[in-house]
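Hello,

Here is the structure I promised to pass on to you. Please open it next to this email, and then follow the notes below at your own pace.

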Amino acid sequence: ADGIGAAASLDHPHDIAISPDGSLAVVTEYLSGHVRAITISTGAVTTIAGVATNSIAESVDGTGASAVFYELIGVAFDPSGDGSWVVVSDETSVRVVNLGTGVVTTIAGT
């Protein structure tokens, strides 16, 4: 659940990436299929994309909760250094997540 510090909960966090400026951590949750952002200075946890389901064995592009990830296993920030998007990988695809809009787009795989 989203929240601040101990009021937030994570479900099987699998990978983490720190933004180039060190202000944000992005976490992938393996089983629940969420991409979560943690503001380092406040400890605020916010869900960026994904829906809480592990029963769908497919990846679906979309915005926010309409995006579906299948067993998220990795995350990395964009190489441009502006921290506006991350690349995530799941069991079947590599996808871009826009951190400002929550839009998820597949760039490789199915």
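Let's start with a small puzzle: which residue is the bridge partner of Val88 in β9? Please keep in mind while you look that this is a predicted model. The partner you are after is Arg95. The pair is one place where strand β8 (residues 85-89) meets β9, and the two strands are joined by five bridges and run antiparallel. To get from β8 to β9, the chain makes a hairpin with three residues in it.

**The sheet around this pair**

Now zoom out a little. Strands of a sheet pair through backbone hydrogen bonds, and they can do so in a parallel or an antiparallel way. Here, five strands make an open sheet with antiparallel pairing, and their order is β6-β10-β9-β8-β7. At the edges you will find β6 (62-63) and β7 (74-77), each of which pairs on one side only.

Follow β9 to its other neighbour, β10: these two also run antiparallel, with five bridges between them. One of the pairs to look for is Ser93, whose bridge partner in β10 is Gly109. The hairpin of β9 and β10 has four residues between the strands, and Gly102 in this hairpin takes a positive phi near 80°. From β10 (residues 103-109) you can step across to β6, as two bridges join these antiparallel strands. There, Gly62 stands opposite Val104 of β10.

**Back to Arg95**

Arg95 from the opening puzzle has a second role to show you. How many salt bridges does the structure hold? The count is four, and in one of them the side chain of Arg95 meets that of Asp61, at 3.1 Å from N to O. This salt bridge links distant parts of the chain: Asp61 is in the loop between β5 (44-49) and β6, while Arg95 is in strand β9 (residues 93-98), 34 residues apart.

Are the two partners buried or partly exposed? Arg95 has a relative accessibility of 0%, so it counts as buried. Asp61 is at 36% and therefore counts as partly exposed.

**A network of three residues**

Next, please find Asp2, Glu29 and Arg36, which are linked in a network of salt bridges. It is easiest to take the network one link at a time.

- Asp2 forms a salt bridge with Arg36, and the closest N and O atoms are 3.2 Å apart. Asp2 lies in the segment before β1 (3-4) and Arg36 in strand β4, so this pair ties together parts that are 34 residues apart in sequence.
- Arg36 also meets Glu29 in a salt bridge, at 2.6 Å from N to O.

Why is Asp2 classed as partly exposed, and Arg36 as buried? Residues under 20% relative accessible area count as buried, and those over 50% as exposed. Asp2 is at 41%, so it falls in between and is partly exposed. Arg36 has only 2%, and so it is buried. Glu29 is buried too, because its relative accessible area is 1%.

**What else Glu29 touches**

Glu29 sits in strand β3. Which side chains does it reach with polar contacts? One is the side chain of Ser32, at 2.7 Å, and another is the side chain of His34, at 2.9 Å. If you leave aside the neighbours within four places in sequence, Glu29 is in contact with residues including Ser9, Asp11, His12, Arg36 and Leu72.

Leu72 turns up once more when you look at Leu31. These two leucines are 41 residues apart along the chain, and their C-alpha atoms are separated by 7.2 Å. You will find Leu31 in the loop between β3 (24-29) and β4 (35-39). With a relative accessible area of 26%, Leu31 is partly exposed.

**A patch on the surface**

Finally, turn to the surface. Which residues make a nonpolar patch there? They are Ile16, Ile18 and Ile40, and the patch is about 280 Å². Ile16 belongs to strand β2 (residues 13-18), and its relative accessible area of 49% makes it partly exposed.

Happy exploring, and best wishes!

Note on methods
Residues are numbered from 1 along each chain as its sequence is written. This is a predicted model: local features need pLDDT of at least 70, side-chain atom pairs count only at pLDDT 80 or more; totals for chains, interfaces and linings use all residues. Side-chain values use heavy atoms; hydrogens and water are left out. Two strands pair if DSSP finds at least two bridges between them. Patches are made of residues with over 30% relative accessible area and no salt bridge: like charges are joined within 9 Å, nonpolar side chains (Val, Leu, Ile, Met, Phe, Trp, Tyr) within 5 Å. Accessible areas come from the Shrake-Rupley method with a 1.4 Å probe; for residues, only the protein chains shown count as cover. Buried means under 20% relative accessible area, exposed over 50%, partly exposed in between (1.4 Å probe, protein chains only). A polar contact is a pair of N or O atoms within 3.5 Å; within protein, one must be able to donate a hydrogen and the other to accept it, and residues adjacent in sequence count only if both atoms are side-chain atoms. Contact means heavy atoms within 4.5 Å.
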